[in-house]
Amino acid sequence: MEVPKPEIVYRYNTGLYINLTNRCPTACVFCIKNKWKMAYRGSNLNLGGAEPDAKTVISLIKTEWVLAPFDELVFCGYGEPTMRLDTLISVAKAVKTGALAPVPAGLRVRLNTNGLGGLVNGTDIVPRLKGLVDAVHVSLNTPDPLQWLAMMRPKPEYEQKAFTSVLEFVRGASRVIPETVVTAIDGASVDIVKFEALAKELGVKTRIRARLEI
Ligand code: SF4
């Protein structure tokens with residue numbers, strides 16, 4: 001069977017999703033990229049190491065908009081988008097400054113992340129996202145540091161600081177990003193009461209999402 005060409009942008013629900021990288025500082029137990037052979041609902045998200053630059057992404061967004069408008073732009077693929085922070089910022093800035101006309105400057109921009117952007121970039125990334133990203137959805141999954149390690153399986157170099165770093169990112173985002181949400185998976189043996197309490201302490205909302213079939 002012929003493998004479809006890699007998708008840098010793909011449609012899901014009413015959004016246009018941006019697949020910036022396949023690199024990730026975690027190997028989550030619930031990740032379906034290997035089981036689904038890097039495909040996601042008909043799109044091949046295997047970039048084969050060929051990560052797109054901002055110019056390419058911007059051009060694809062414009063093309064897609066002309067084909068059919070979408071409600072939001074979502075940085076989310078089979079990899080952690082903040083591994084490509086400069087590209088992410090360039091694309092979001094192009095949207096928000098109206099440089100992507102006819103794409104409207106008011107288009108909602110969302111980042112789906114594991115929250116490790118600060119740690120992998122070696123600096124607090126929230127100030128760079130401020131004003132460019134309307135929503136940040138963080139795959140936090142559990143309030144328990146040890147369970148987090150077991151579920152998220154970060155690379156060894158991040159293990160020690162990872163959970164704390166994610167919480168710092170969430171807390172920072174809650175202060176300046178209009179919508180910050182932490183997500184967990186339904187039926188994953190997580191103490192949801194404690195999860196909700198942690199979210200409240202961090203000043204964010206929660207979303208319990210369905211587990212993808214693996
Ligand atoms: S953060 Fe996303 S891409 Fe990375 S391992 Fe987890 S589920 Fe997969």
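I'll start with one pair of residues: threonine 183 has arginine 207 as its bridge partner in strand 9. This is a predicted model, so everything I say about it is computed.

Now the strands around that pair. Strand 8, residues 179–185, and strand 9, residues 205–209, run parallel, and five bridges join them. Between the two strands the chain passes through helix 7, residues 192–202, and the β-α-β crossover made this way is right-handed.

Next, the chain overall. There are seven helices and nine strands in it. What radius of gyration would a compact globule with 214 residues have? The value would be near 17 Å, and the chain has 17 Å, so the two agree. As for extent, the C-alpha trace spans about 45 × 45 × 30 Å along the principal axes of the chain. Of the 214 residues, 39% count as buried.

On contacts, take those between residues at least 6 apart in sequence: 79% of them join residues at least 24 apart.

Last, the ligand. Which residues are around it? In sequence order, we have Cys24, Thr26, Ala27, Cys28, Cys31 and Lys33, then Tyr78, Gly79 and Glu80, and finally Asn114. By character, this shell divides into five nonpolar residues, three polar and two charged.

To go back to where I started, threonine 183 and arginine 207 are bridge partners, and the strands they belong to, 8 and 9, are parallel, with helix 7 on the path from strand 8 to strand 9. That is all I have for today.

Terms used: Residues are numbered from 1 along each chain as its sequence is written. This is a predicted model: local features need pLDDT of at least 70, side-chain atom pairs count only at pLDDT 80 or more; totals for chains, interfaces and linings use all residues. A residue is near a molecule or strand if its C-beta atom, placed from the backbone, lies within 6 Å of it. Ala, Val, Leu, Ile, Met, Phe, Trp, Tyr, Cys and Pro count as nonpolar, Asp, Glu, Lys and Arg as charged, and the others, Gly among them, as polar. Two strands pair if DSSP finds at least two bridges between them. Helices (H or I, at least four residues) and strands (E, at least two) are DSSP runs, numbered from the N terminus. A crossover is right-handed if, with the strands pointing away from the viewer, the path from the first strand over the helix to the second runs clockwise. The radius of gyration is taken over C-alpha atoms; the globule rule is 2.2 Å times the number of residues to the power 0.38. A residue is buried if 20 or more other C-beta atoms lie within 10 Å of its own, exposed if 12 or fewer, and partly exposed in between; C-beta atoms are placed from the backbone. Two residues are in contact if their C-beta atoms, placed from the backbone, lie within 7 Å.
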